[in-house]
Structure formats: structure tokens, C-alpha cells
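Biologist: I'd like to go through the charged pairs in this model. Show me how each label is earned.

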Amino acid sequence: MFILGIAVFAFGLLVSIAWHELGHLSTAKLFGIRVPQYMVGFGPTIWSRKKGDTEYGVKAIPFGGYIRMIGMFPPGPDGRLEARSTSPWRGMIEDARSAAFEELQPGDESRLFYTRKPWKRVIVMFAGPFMNLILAIGLFLTVLMGFGIQQQTTDVASVSPCVISQSENRDTCKKTDKASPAAAAGMKKGDRIVSFAGVRTDDWNTLSDLIRDSAGKTVPIVVERDGKQVPLTAKIATNLVAKKDSSGAYVQGEYVKAGFLGFSAATGVVKQDFGESVTWMTDRVGDAVDSLAALPSKIPALWDAAFGDGPREPDSPMGVVGAARVGGEIATLDIPASQQLAMFVMLLAGFNLSLFLFNMLPLLPLDGGHIAGALWESLRRNLAKLFRRPDPGPFDVAKLMPVAYVVAGIFICFTVLVLIADVVNPVRIS
């Protein structure tokens, strides 16, 4: 089952890569750019077939993909034109001006990438990451609205007999502790809270906020018990409880004084409506952006986890190998098959979201670097036109290749570090 889980993730990874490159391919052909190759994977070619002027194929190492477009860079001082790969790894080993000069054919002068207007080049380079974003949204919605996600509900899992500050590391009552409002009101395990202070409570966040805002108040509560609605009355206590952020998530190690009822909410798989799904996805995008920005600060802990005795944190950076191992673990979990499938889909959705954000970084050799180059060219040309100066011509992105080599070198070093950590000290979900 572990091997099956890895295989399922590997297939999903290949589909995601092929989908990304399809975005580049379709828009390049739409704008009349010649594309000699469309490849999924790296290394030796396993299978390929030529259709029209494009060779389509699959390579042995399923960790990436690329398309080749003619005239990715403008001609150099010697007037030569080259084909260029959209792949950051392949682009690293190709010289900016001589890698595929032989691929030029008669008539290609009108089918060069750099001769297209900047807005068309932006679309071609943005189309790849955008396909990953679309796929991520589709997969997230499939899980959120089709399967549901595990979250706290308004069902009562247990009732606390007394009021204990959440900052205290204990779960037993002292003689000096006051009885919890839930226990005093007669709330029982298995109750489902239907309304609080006259407000219907269909979800945990609504109920939690109402309780927190009712410190010191005596409120009516209606619970469903054995199919019947039972009215209760509780005087809400003031207690030190975990702080919540704007999205409703608990902030670890931070506490605030707020209303306290004194029960633990049960967790369950709850389907989300479209509005709730959009809110959830928006929060996840924010989390992903924060994680990407915090990536450099996590390198020391990652190094310690790979080469020292440090633990591998749950939010540690994880590569393809680590994600594949998580896929293997999902397949071995003792949970319903539907939830295993939902976890696989969610893992793949998160992978596609990461691909989108990572590729949008304005750094060569990533897609975002080429987008930045096209936007800069557009700005230069428009400013020249505004001030009636000569057209500066296309921006030569090849001049930034030394920077691209440095960036690619950093990426490779980071990828190797993550790979080692994923092998010797992987992130585990069970």
C-alpha cells in the first residue's frame, strides 16, 4: 500500500507537470511561436512522437518538464538566434546564445518568441503557473465541497467539570476551581448545540465567537439530545483561553481573557459550501505565501534535521520525495477509502499551489523572471514613446543569465538539502 501511494502521487505529479507545460504550449502556438519540443520529465526519452512541428514525449525522471520555444532570447551581437527551454533546470546548462541554434528552420524569422509583443510573452509565461493554480482550485473545491474536511463541530465530545485556564498544563480539577458553566447547566457528552443566546449555531466558529463574547452573561442554550431539543441556561465564565487569529485558527502560546463555557467540541468531516470553500482557499494561499517568505529562516532547522539530531518540524520544507512518502503513508492509514482519496487530492492540490507561487517569483530562470523581463521591456518602450525617444528595442533577458545561474545554483543546493532531509528524516503524518 505504501508503494501504491507513492505511485499514485507520482502519477498526479506527472499530470500536474504536463498540465503546466500545456499552458505554455497552447498559448505559444496560439501566438504563432514555433515549439520544437514538449517533454514531461528529464533525462533519457522513454517515448516520443512528432506531430506537426512539435515532438511530444515522456522522459525517465518524472521531476519536471519543459517546452522549447524558438527565439526565447533576442539575437546577440553576432546576430544569431537560438531556441530556448522554459525549464529552469535545463535552462541552467544551456548557454544563453548557442544551445539550439541548429533548430532554426527557414521561415522561423516570423515565429520567434522575442518578436511577440510583451503582453503576449507575459501570457505565454504566465499560462504555465496559471494552469497549476486552476488545477489547485479545482482539486481543493473537489475535496471541500465533495468530500468535506475534518473540523470542529457543535457536538459535545466531553464536558469539563471545572474552570481551568488553558494556559495551565493540567487537566484535573483542584478544590478551589469553580464548576464549569457547561457542567452546571447540565450539558452532556453527545449533545449537539443548536442555538446559543437565541442565535442558531450551525458551525463551530460561530458558536466559539458567541461564547467568547458572552463573558459574565447568563444565556439560554438549546441542545439536541436523543432527537429532542433540550433548553439549558448557563452563566458564562471569564477565563484565559487560546487566542484566535483573523481566520479563526488558534495562535499557539498566546492567550486572551474571554467567555468560557467548558466543553470540548467533537471533530467531524464537514462539507463546505462555495463561500466557505473560497474563504478556506484564500486563507491557505495566505499561509502558502507566508511559508514561501519564511523559507530562508527554516534552512538552519532543515540542516539540523538532515545532518544533526534536530527534529523534522511538521511545517518543514518538503520536496517531491518527501511528498511522495506522505502519499505512501496516506495509503497505509486506517481510515475510510474516501478519506484517503480526499487526502491524496488535497496533497496534490497543495503541490500545485506551491508550483504556482514558486514559479511566479520574479527571478530567472523561473517563469516569473521572464514575465518581469517582458514587463520591463514594455515599460521602457512606452516611456521612450512618451518622451519621443528612439525605440530601445527588445530587452535582452540573456544579459541576466549570470544572475540566473546564481539563482539556479541556490535552488539546486536547497533542493539537495531538502532531498537529503526527506530521505534521512522525513516529515511524517502518522
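Biologist: Why is Asp-391 called exposed?
Modeller: The model is predicted, and the values are computed from it. Asp-391 has a relative accessibility of 54%. Exposed means over 50%, so Asp-391 counts as exposed.

Biologist: What makes Arg-381 partly exposed?
Modeller: Its relative accessibility is 29%. Partly exposed lies between 20% and 50%, so Arg-381 gets that label.

Biologist: How do you know that Arg-381 and Asp-391 meet in a salt bridge?
Modeller: Their side chains come to 3.1 Å, N to O. The cut-off is within 4 Å, so the pair qualifies. Arg-381 sits in helix H10, and Asp-391 is in the loop between H10 and helix H11. The pair therefore ties together parts 10 residues apart in sequence. Shared partners also join Arg-121, Glu-377, Arg-381 and Asp-391 into one network.

Biologist: Why is Lys-244 called buried?
Modeller: Its relative accessible area is 16%. Buried means under 20%, so Lys-244 is buried. Its salt-bridge partner is Asp-209, with the closest N and O atoms 3.1 Å apart. This pair links distant parts of the chain: Asp-209 is in helix H5, Lys-244 in strand S9, 35 residues apart. Asp-209 is partly exposed, at 38%.

Biologist: What makes Lys-298 and Asp-315 a salt bridge?
Modeller: Their closest N and O atoms are 3.8 Å apart. That is within 4 Å, so the pair counts. Lys-298 lies in the loop between helix H6 and helix H7, and Asp-315 in the loop between H7 and helix H8.

Biologist: How many salt bridges does the whole structure hold?
Modeller: The search finds 13.

Conventions. Residues are numbered from 1 along each chain as its sequence is written. This is a predicted model: local features need pLDDT of at least 70, side-chain atom pairs count only at pLDDT 80 or more; totals for chains, interfaces and linings use all residues. Side-chain values use heavy atoms; hydrogens and water are left out. Helices (H or I, at least four residues) and strands (E, at least two) are DSSP runs, numbered from the N terminus. Buried means under 20% relative accessible area, exposed over 50%, partly exposed in between (1.4 Å probe, protein chains only).
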